[in-house]
Amino acid sequence: MTRVRCCSIMSVVMKKYLRYETGPEDQPQGAEGKVLTLARKVGVLRPRDLQAHGIPRVVLTRLHRKERLKRVARGLYVLPEADLSEHHTLAEASKRVPHGVVSLLSALRFHGLTTQSPFEVWIAIDVKARKPRVEAPPLHIVRFSGKALAYGVEEHSVEGVTVRVTSPAKTVADCFKYRNKIGLDVAVEALRDYRRSRKSLDDLWKAAQVCRVASVIRPYLEAIE
């Protein structure tokens, strides 16, 4: 065998070796490669995320069987090496209910304004919105209307997913508005932690006015000060 032909054969063998050694994550090819690239970009994948790219949903199943993707909940996939944060369930919930807003106990936990660790993800939706049919993660749905739903909403990135969360001030005001649902002690604790963190009183007062609880919060705020 000539030296030239030997080198040509070795070149072909090395290309095949590198193709299998590097894998789709390093050299994305075809539909599976596109899905893995998309997973790195968006963090948590849903089957519907593939539609805009013309990729059939069965590709997710194939990648899951090959252990190239990990299923963290029904219809939700991440890369095996994905670094799941303490707020992972919020990312899951936001994928399931993109029009919802993380609020009340879950928002308190996100902002570090409570010692509570809710089992469910508290999500606010519009009063006229259809209740989401979600198996996982467990959700606690509350309904806000008009400005109460739109005011004080922040966007945060959690594992590549945009999560909409009520601001610290709006969250505290909401807790007083729904004090009969979550407990007055939780609302007062949140207010105390809010003041301890030296967050804006102006923001709190504006949020209290939107939620129509300014007169309720005032005596507790004066007692803390």
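Is Ser167 buried or exposed, going by its relative accessibility? Ser167 sits at 13% relative accessibility, so it counts as buried; buried here means under 20% relative accessible area, exposed means over 50%, and partly exposed is in between, using a 1.4 Å probe and protein chains only.

What you are looking at is a predicted model, where local features need pLDDT of at least 70, side-chain atom pairs count only at pLDDT 80 or more, and totals for chains, interfaces and linings use all residues. Residues are numbered from 1 along each chain as its sequence is written, and side-chain values use heavy atoms, with hydrogens and water left out.

**View 1. The whole chain, before zooming in.** The chain has eleven helices and seven strands; these are DSSP runs, numbered from the N terminus, with helices being H or I over at least four residues and strands being E over at least two. Of the chain's 225 residues, 44% count as buried. Take the contacts (heavy atoms within 4.5 Å) between residues at least 6 apart in sequence: 53% of them join residues at least 24 apart. The pLDDT, which is the predictor's confidence in each residue on a scale from 0 to 100, averages 81 over the chain, and 82% of the residues score at least 70. Go easy on residues 4-28, though: pLDDT is below 50 there, and the stretch has 16 contacts in the model beyond near neighbours in sequence.

**View 2. Ser167 and His111, touching each other.** Ser167 lies in the loop between β7 (161-166) and α7. Not counting residues up to four places away in sequence, Ser167 touches His111, Gly152 and Glu154. His111 belongs to helix α5 and is buried too, with a relative accessible area of 18%. Leaving aside neighbours within four places in sequence, His111 is in contact with Glu154, His156, Val165, Thr166, Ser167, Pro168 and Thr171. Along the sequence, His111 and Thr166 are 55 residues apart, yet their C-alpha atoms are 9.5 Å apart in space.

**View 3. Helix α7, tucked inside.** Nine of the ten residues of α7 are buried, so this helix is largely enclosed by the rest of the structure. The buried ones are Pro168, Ala169, Lys170, Thr171, Val172, Ala173, Asp174, Cys175 and Phe176.

**View 4. Helix α9 and what covers it.** Helix α9 runs over residues 184-196, and its 13 residues should span 18 Å at 1.5 Å a residue; the end C-alpha atoms are 18 Å apart, which agrees. That expected span is 1.5 Å times one less than the number of residues. Buried in α9 are Val186, Ala187, Val188, Glu189, Ala190, Leu191, Asp193 and Tyr194. Their cover includes α5 (104-111), α7 (168-177), α8 (179-182), α10 (201-210) and α11 (214-224).

**View 5. The loop after α9, with Arg198 and Lys199.** Both Arg198 and Lys199 sit in the loop between α9 and α10. Most residues other than glycine have a negative phi. Arg198, just after α9, takes a positive phi of about 60°, and its side of the loop is exposed in the sense that Arg198 has a relative accessible area of 75%. Lys199 counts as partly exposed, at 29% relative accessibility. Apart from neighbours within four places in sequence, Lys199 is in contact with Leu113, Pro168 and Tyr194. Lys199 and Ala169 are 30 residues apart in sequence, with 8.1 Å between their C-alpha atoms.

**View 6. Glu159, another positive phi.** Glu159 lies in the loop between β6 (153-158) and β7. Its phi is near 55°, a positive value in a residue other than glycine. At 19% relative accessibility, Glu159 counts as buried.

**View 7. Arg46 in its loop.** Look for Arg46 between α2 (30-42) and α3 (58-65), in the loop. Arg46 counts as buried, at 14% relative accessibility. Outside the residues up to four places away in sequence, Arg46 touches Leu60, Gly75, Leu76 and Lys95. Arg46 and Tyr77 are 31 residues apart in sequence and 6.6 Å apart in space, C-alpha to C-alpha.**View 8. The largest pocket and its lining.** About 430 Å³ of space lies in the largest pocket. Of the 17 residues lining it, Arg48, Lys95, Arg96, Arg133 and Val134 are the closest to its centre. A pocket is an open set of points on a 1 Å grid over the protein atoms alone, where a 1.4 Å probe fits, with protein on both sides within 12 Å along at least five of seven lines; lining residues have an atom within 4 Å of a point. The lining divides into six nonpolar, two polar and nine charged residues, with Asp, Glu, Lys and Arg as charged, Ala, Val, Leu, Ile, Met, Phe, Trp, Tyr, Cys and Pro as nonpolar, and the others as polar.

Terms used
Grid points are joined across faces, edges and corners, and a volume is the space filled by probe spheres set on the points.
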